[in-house]
Amino acid sequence: MSYDHVDVPADGERVTYDADADELDVPDNPIVPILYGDGIGVDVAPAAKQVLQAAAEATGRHVEWMRVYAGETAREMYDENLPAETVEAIREFRVALKGPLTTPVGAGFRSLNVALRQKLDLYANVRPTYYLEGVPSPVKAPEQMDMVTFRENTEDVYAGIEWEAGTPEVEQVRTFLEEEMGAAGIHEGPVGIGIKPITEFNTKRLVREAIDYALANDRDSVTLVHKGNIMKYTEGQFRDWGYEVAEEEYGEEVITEDTLWEERDGEQPEDALVVNDRIADNMLQQLLTRTEDYDVLAMPNLNGDYLSDAAGAQIGGLGIAPGANFGEGRVLAEPVHGSAPKYAGQDKVNPAAMILSGRLLFEYLGWEDAASLIGEAVEQTIASKYVTYDLHRQIEGGEKASTSEFAQRVAATIDELA
């Protein structure tokens, strides 16, 4: 495909995907779209590129970066927030790295992050949350946190099916709900109405991803997190469909918590994964009080947004929290944090989350050796107390580094480790 404002590198090759085998074909010089994003994206994206390239080259590879645009830069170039060719470029080249994009509150355009996930069917938002030595944390034992959240990415209240108060459309929906469906409890006066779809298809493919990940990575449990005691036909159904996957598709590899206690007196066999469920508000508490009891969490969209941020707080905040969105033979890696526009262009913010998101991208490519170098180098740099301002103000005797200086130190550490 030809592009108007995207320069495709002449020397790189595309990552391709064999759907029948469910396998990527990854060249040693892949073309990887990179979307800097808004705000501090102009700082953290170049920093991440430097570190990722260092890790690639240390393991005999080379990334051909291809700049694509959304948000503020796209408005300047295309006069729109999410150009079709940005979506098509990520679709064509299959793997991409993305910085934060700003979403207005209450008015303006819809979330570009959500739009990208929906247009590319990136149905699983995956956020591993683990402690890095040397990072200040508000909890006593942050090293106990080692969870991976699987958040359904395309539906729930984030589907964008809603109507604004005061419009004819919302009154039409109100009338239908009250008169045709017998709904009660909508107060008179202005009202905004949203629809919360939870489907069997999207639930089951997300839960499969979570279970497959847990089995492949020798995890002990997958927890379905829901509010099914209140939202019985949406989040309650998520829970039930999740258990159907566990009980009907995995044989003796997977057992439920009920089976664990009814047939095994709570003794988990070494060769079996346990699937259980927890109410979402209770789970927020247990993140703190029983951190070590949980491995992999699978949940609807909104719960996943809340839970993953709460987990990130325990390991020192979102400045070091990576994430990635996965679809069929496709990944869009992105940090958990927002765009923080007041710090844009100041070369001061922490790029670790963007770097570690790139690490997830490398893992997806099968570059485990390069990914391991990235993780070790980031942790060593932070443990040496060479940190950006956000961590420096909490560390006694540390040395404050700019965004670019931190990236340079991590890249140099990669070269030393290699």
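**Exercise 1. The loop at Arg94**

Task: In this predicted model, find which elements flank the loop that holds Arg94. Then decide whether Arg94 is buried or exposed.

Solution:
- Step 1. Arg94 sits in a loop. Helix 3 (84-93) lies on one side of that loop and strand 5 (95-98) on the other.
- Step 2. Check the backbone. Arg94 has a phi near 75°. That value is positive, and the residue is not glycine.
- Step 3. Check the cover. The relative accessible area of Arg94 is 17%. Buried means under 20%, so Arg94 is buried.

**Exercise 2. A second positive phi**

Task: Place Asp347 in its loop and work out its exposure class.

Solution:
- Step 1. Strand 15 (330-333) and helix 11 (352-365) bound the loop that contains Asp347.
- Step 2. The phi of Asp347 is near 55°. Here too the value is positive in a residue other than glycine.
- Step 3. The relative accessibility of Asp347 is 29%. The partly exposed class runs between 20% and 50%, so Asp347 counts as partly exposed.

**Exercise 3. Two residues of strand 6**

Task: Locate Asn125 and Thr129. Then list what each one touches beyond four places in sequence.

Solution:
- Step 1. Asn125 belongs to strand 6, residues 124-130. Thr129 is in strand 6 as well.
- Step 2. Asn125 has 1% relative accessibility, so it is buried. Thr129 has a relative accessible area of 5%, so it is buried.
- Step 3. Take the contacts of Asn125. Arg117, Thr149, Phe150, Arg151 and Asn153 are among them. Ala324, Asn325 and Glu334 also touch Asn125.
- Step 4. Take the contacts of Thr129. They are Met145, Asp146, Met147, Ala311, Gly312 and Ile315.
- Step 5. Look for a polar contact. The side chains of Asn125 and Arg127 make one, at 3.0 Å.

**Exercise 4. Leu284 in its helix**

Task: Say which helix holds Leu284, which residues it contacts outside its sequence neighbourhood, and how far its C-alpha lies from that of Ala184.

Solution:
- Step 1. Leu284 is part of helix 9, which covers residues 280-289.
- Step 2. Its relative accessibility is 35%, so Leu284 counts as partly exposed.
- Step 3. Set aside neighbours within four places in sequence. Leu284 then contacts Leu307 and Ala310.
- Step 4. Now go along the chain to Ala184, 100 residues from Leu284. Their C-alpha atoms are 30 Å apart.

**Exercise 5. The whole chain**

Task: How many helices and strands does the protein chain have? Why does it count as being as compact as a globular protein of its length?

Solution:
- Step 1. Count the elements. The chain has 14 helices and 17 strands.
- Step 2. Compare radii. The radius of gyration is 22 Å, close to the 22 Å from the globule rule for 418 residues, so the chain is as compact as a globular protein of that length.
- Step 3. Add the extents. The C-alpha trace spans about 65 × 60 × 50 Å along its principal axes.
- Step 4. Ask about burial. Of the 418 residues, 52% are buried.
- Step 5. Sort the contacts. Take those between residues at least 6 apart in sequence: 72% of them join residues at least 24 apart.

**Exercise 6. Surface and charge**

Task: Describe the accessible surface of the protein chain and the placing of its charges.

Solution:
- Step 1. The accessible surface comes to about 19100 Å². Carbon and sulfur atoms account for 44% of that surface.
- Step 2. The chain carries 34 positive and 78 negative charges.
- Step 3. The mean positions of these two sets are 5 Å apart.

How values were computed:
Residues are numbered from 1 along each chain as its sequence is written. This is a predicted model: local features need pLDDT of at least 70, side-chain atom pairs count only at pLDDT 80 or more; totals for chains, interfaces and linings use all residues. Side-chain values use heavy atoms; hydrogens and water are left out. Helices (H or I, at least four residues) and strands (E, at least two) are DSSP runs, numbered from the N terminus. The radius of gyration is taken over C-alpha atoms; the globule rule is 2.2 Å times the number of residues to the power 0.38. Buried means under 20% relative accessible area, exposed over 50%, partly exposed in between (1.4 Å probe, protein chains only). Contact means heavy atoms within 4.5 Å. Accessible areas come from the Shrake-Rupley method with a 1.4 Å probe; for residues, only the protein chains shown count as cover. Lys and Arg count as positive and Asp and Glu as negative; His and the chain ends are not counted. The place of a charge is taken as NZ of Lys, CZ of Arg, CG of Asp or CD of Glu. A polar contact is a pair of N or O atoms within 3.5 Å; within protein, one must be able to donate a hydrogen and the other to accept it, and residues adjacent in sequence count only if both atoms are side-chain atoms.
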